[in-house]
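This briefing walks through a protein model topic by topic, for a reader who is new to looking at structures. Please keep the sequence and the picture at hand while reading.

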Amino acid sequence: MTFLKILWDNLRKGPSTEAFPFGEATTPAGYRGKVTFDEATCVGCNMCEHVCAAGAIRFAEADDGLHFVIWHNTCVSCGLCAYYCPTKAIKLSNDWHLSHLQQDKYTQLDHGVVAYKRCTSCGDKLLPTGSVLTQLAYKGPNPRAERLMDLCPECRRKASYRGEAI
């Protein structure tokens, strides 16, 4: 008798599964999918590389800047990189479409370049210090700190010694 009740309920309510691959699948709001990287807000702290459980994130220095590479084939979508990124340059999207042929496994990567900028005082190249990071350090916007963002560590030290710093 219980079997007939279950059968009747299933026929009346319809399927309880999604129609994928014949229909569109819904993605939960908190789903951790493909990693996205924003070059403009990255400050090159390498924290994401350090905490990556799978070793899917690598940084390499070059003449034009700091090269960021994420291997999606290796990533386990744990979210540690996004959690520990101080400027939120890394996020996990809802994109779960990462299937690929075996022969394409070495092309499942994203690449970005955090470009160097020049010190306004001496001209040496330095990694950008994002305004997000400066606001975190000074607990809000600080006009005097904004000027220090464009100085290399040595010129920043000299400016602090002369009393130009915060």
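In which loop is the place of lysine 88? Lysine 88 sits in the loop between α3 and β4, and this position, like every other one described here, belongs to a predicted model. The points below begin with that loop and then turn to other loops, the cysteines, the salt bridges and a nonpolar patch on the surface.

**The loop between α3 and β4**

- Lysine 88 has a positive phi of about 60 degrees, although lysine 88 is not a glycine.
- With a relative accessibility of 41%, lysine 88 counts as partly exposed.
- Threonine 87 is found in the loop that runs between α3 (80–84) and β4 (90–92), and threonine 87 is buried because its relative accessible area is 6%, where buried means under 20%.
- A polar atom of the side chain of threonine 87 lies 2.9 Å from the backbone oxygen of threonine 41.
- When residues up to four places away in sequence are not counted, threonine 87 touches Thr41, Cys42, Val43, Val132 and Leu133.

**Two other loop positions**

- Asparagine 46, which has its place in the loop between β1 (35–37) and α2 (47–51), has a phi near 65 degrees, a positive value in a residue other than glycine.
- At 26% relative accessibility, asparagine 46 counts as partly exposed.
- Serine 77 is placed in the loop between β3 (65–71) and α3, and, leaving aside neighbours within four places in sequence, serine 77 is in contact with Arg32, Gly33 and Leu92.
- Serine 77 and tyrosine 31 are 46 residues apart along the chain, while their C-alpha atoms are separated by 9.4 Å.

**Cysteines without disulfides**

- How many disulfides does the structure hold? The structure holds zero disulfides, and cysteine 85 is accordingly in no disulfide, with the nearest cysteine sulfur, that of cysteine 45, 6.0 Å away.
- Cysteine 85 is buried, having a relative accessible area of 10%.
- Why does cysteine 155 not form a bond with the closest cysteine sulfur? The sulfur of cysteine 155 is 3.5 Å from that of cysteine 152, which is too far for a bond, because a disulfide needs the two sulfur atoms to be within 2.5 Å.
- Cysteine 155 is buried too, with a relative accessible area of 9%.

**Salt bridges**

- Side chains of opposite charge can pair when their charged atoms come close.
- A search of the whole structure finds five salt bridges, and three of the pairs are described in the points that follow.
- Arginine 12 and aspartate 9 meet through their side chains in a salt bridge, at 2.9 Å from N to O; both residues lie in helix α1, three residues apart, which is about one turn of the helix.
- Are arginine 12 and aspartate 9 buried or exposed? Arginine 12 is exposed, with a relative accessible area of 54%, whereas aspartate 9 counts as buried at 18% relative accessibility.
- Lysine 117 forms a salt bridge with aspartate 150, and the closest N and O atoms are 2.9 Å apart.
- This pair of lysine 117 and aspartate 150 links distant parts of the chain, since lysine 117 is in strand β6 (residues 117–118) and aspartate 150, 33 residues apart from it, is in the loop between α5 (143–148) and α6 (153–162).
- Lysine 117 counts as partly exposed at 23% relative accessibility, and aspartate 150 is partly exposed with a relative accessible area of 28%.
- Glutamate 154 and arginine 157 meet in a salt bridge between their side chains, at 2.4 Å from N to O, and both lie in helix α6, three residues apart, about one turn of the helix.
- Glutamate 154 counts as partly exposed at 39% relative accessibility, and arginine 157 is partly exposed with a relative accessible area of 48%.
- Salt bridges that share partners join Lys5, Asp9 and Arg12 into one network.

**A nonpolar surface patch**

- Which residues make the nonpolar surface patch of about 640 Å²? The patch is made by Met1, Phe3, Leu4, Leu7 and Leu11.
- Leucine 4, one of these residues, has its place in helix α1 (residues 2–13) and counts as exposed at 52% relative accessibility.

Conventions: Residues numbered from 1 in each chain as written. Predicted model: local features only at pLDDT ≥ 70, side-chain atom pairs only at ≥ 80, totals over all residues. Heavy atoms only, no water. Helix = DSSP H or I, 4+ residues; strand = E, 2+ residues; numbered from the N terminus. Buried < 20%, exposed > 50% of the residue type's maximum accessible area, 1.4 Å probe, protein only. Polar contact = N/O pair within 3.5 Å; in protein donor to acceptor, adjacent residues only side chain to side chain. Contact = heavy atoms within 4.5 Å. Patch = residues over 30% accessible without salt bridge, like charges linked within 9 Å, V, L, I, M, F, W, Y side chains within 5 Å. Areas by Shrake-Rupley, 256 points an atom, 1.4 Å probe, with all protein chains shown as cover. Salt bridge = Lys/Arg side-chain N within 4 Å of Asp/Glu carboxyl O.
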